[in-house]
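Trainee: Please take me through one part of this model in detail, the place where two helices pack against each other. After that, I would like to hear about the strands further along the chain.

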Amino acid sequence: MLASETSPLKQTPLHALHLARGAKMVPFAGYDMPVQYAAGVLKEHLHTRKEAGLFDVSHMGQLVLKAKSGKVADAALALEKLVPQDIVGIAPGRQRYAQFTNNEGGLLDDLMVANFGDHLFLVVNAACKEEDEAHLRAHLSDSCEIVALADRALIALQGPKAESALAKLCPDVSSMKFMDAGPRRVADIDCFVSRSGYTGEDGFEISVPADKAEALVTALLDNPDVLPIGLGARDSLRLEAGLCLYGHDIDTTTTPVEGALEWSVQKVRRSGGARAGGFPGADKILAQFADGAGRRRVGLKPDGRAPVREGAALFADAASTEQIGKVTSGGFGPSLNAPVAMGYLPTALSTAGTTVFAEVRGQRLPLKVAATPFVPNTYKR
């Protein structure tokens, strides 16, 4: 996800604010993004778990999908040609997690889909947003209008004090439940607000016109409960929550079943359901629902204090020369004061409590397969 190309880095509408607040900036998905502020990754992580953290995620893609018929159900049916989720069943004012699949059952990206009454609002990953827009245009242009909302910023406010902080600027948010989404006025600015996020904590994601973003963020940061949080803590928070990072834990070679994302595919789209299949890779994915997959994404807890990082090879025992899997995300979990990781193992070895070994600097370190999330989530349901 770190940008390696030589083209100039893009900037979010909050770039000047990050610099003014002492952020350390790094290239990420083609953008110059804050990896941490003066407090540092550890304090930012723990502050989000205890109070509230504010994240700039404006690099992500925001899209409107609107049926030419004017009926949101037609836009939903169209999108179901590209994802294995029940989009028709998303009620107005609600959103759902989804994935774009390819013909081999792999994942082109994961995304959020909200029903805004007369259209769908999509949030896609930064590194995939041009490809995702092209994918939508290639397959759905006959029946839908696809509009990229390039003039909007996106911020996330996460943590146990997120509701009280946002409610000072938008009292309506207190009545929202997890995965509610829709237009709201926040600090007298027309925004789109969802009660969701990427930390495992209660919180909100707020889409705001780019020219109003700095004013809104400044108003939120005026609250002493709210600190700006960089990408470093965003990654450690989502890892503790057991949430996938696209391009690492899931990609074009992993299916929803292999990725332990079966929960995200509703029964109506599975074999025997009213709208079963009809998405790319359906034959493979539905066969895996019936028969299982050969490998599975699992949580991993290393013994001891040493983190096991992405890319580490996994083995069944301390002496085996046959690699059986690999770590896809790994690091230190500040909330647990211990290392945590995720990776892929043969399904036969994916039961919690199973011991496997990672190769780190020429040594075999034991890890135990563990249930995720590593830290209980606190969503307001």
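Mentor: In this predicted model, helix 2 (residues 41-50) packs against helix 7 (residues 231-240) at an angle of about 50°, and their axes lie 8 Å apart. Angles from 65 to 115 degrees count as roughly perpendicular and those under 35 as roughly parallel, so helix 2 is oblique to helix 7. The crossing of these two helices is right-handed. On the side of helix 2, the contact is made by Val 41, Glu 44, His 45, Thr 48 and Arg 49. Helix 7 contributes Gly 232, Ala 233, Ser 236, Leu 237 and Glu 240. Sorted by class, the contact between helix 2 and helix 7 comprises three nonpolar, four polar and three charged residues.

Now to the strands. The UniProt record, an unreviewed entry, places the domain "Aminomethyltransferase C-terminal" at residues 295-375. Over residues 295-375 the chain is 56% strand and 0% helix, and the C-alpha atoms at the two ends are 24 Å apart.

Strand 18 (residues 355-360) pairs with two strands that can be followed here. Strand 15 (residues 313-315) runs antiparallel to strand 18, and two bridges join them. Phe 315 has Phe 357 of strand 18 as its bridge partner. Strand 19 (residues 363-370) also pairs with strand 18 in the antiparallel sense, over six bridges. There, Val 360 has Gln 363 of strand 19 as its bridge partner. Strand 18 and strand 19 form a hairpin with two residues between the strands, and in this hairpin Arg 361 takes a positive phi near 50°.

Technical notes
Residues numbered from 1 in each chain as written. Predicted model: local features only at pLDDT ≥ 70, side-chain atom pairs only at ≥ 80, totals over all residues. Heavy atoms only, no water. UniProt positions renumbered as here; feature names shortened; annotations may be inferred. Helix = DSSP H or I, 4+ residues; strand = E, 2+ residues; numbered from the N terminus. Axes fitted to C-alpha atoms, helices over the stretch in contact; angles between N-to-C directions. Parallel < 35°, antiparallel > 145°, perpendicular 65-115°, else oblique. Left-handed = near helix turned anticlockwise from the far one by under 90°. Contact = heavy atoms within 4.5 Å. Nonpolar A, V, L, I, M, F, W, Y, C, P; charged D, E, K, R; others polar. Pairing = 2+ DSSP bridges.
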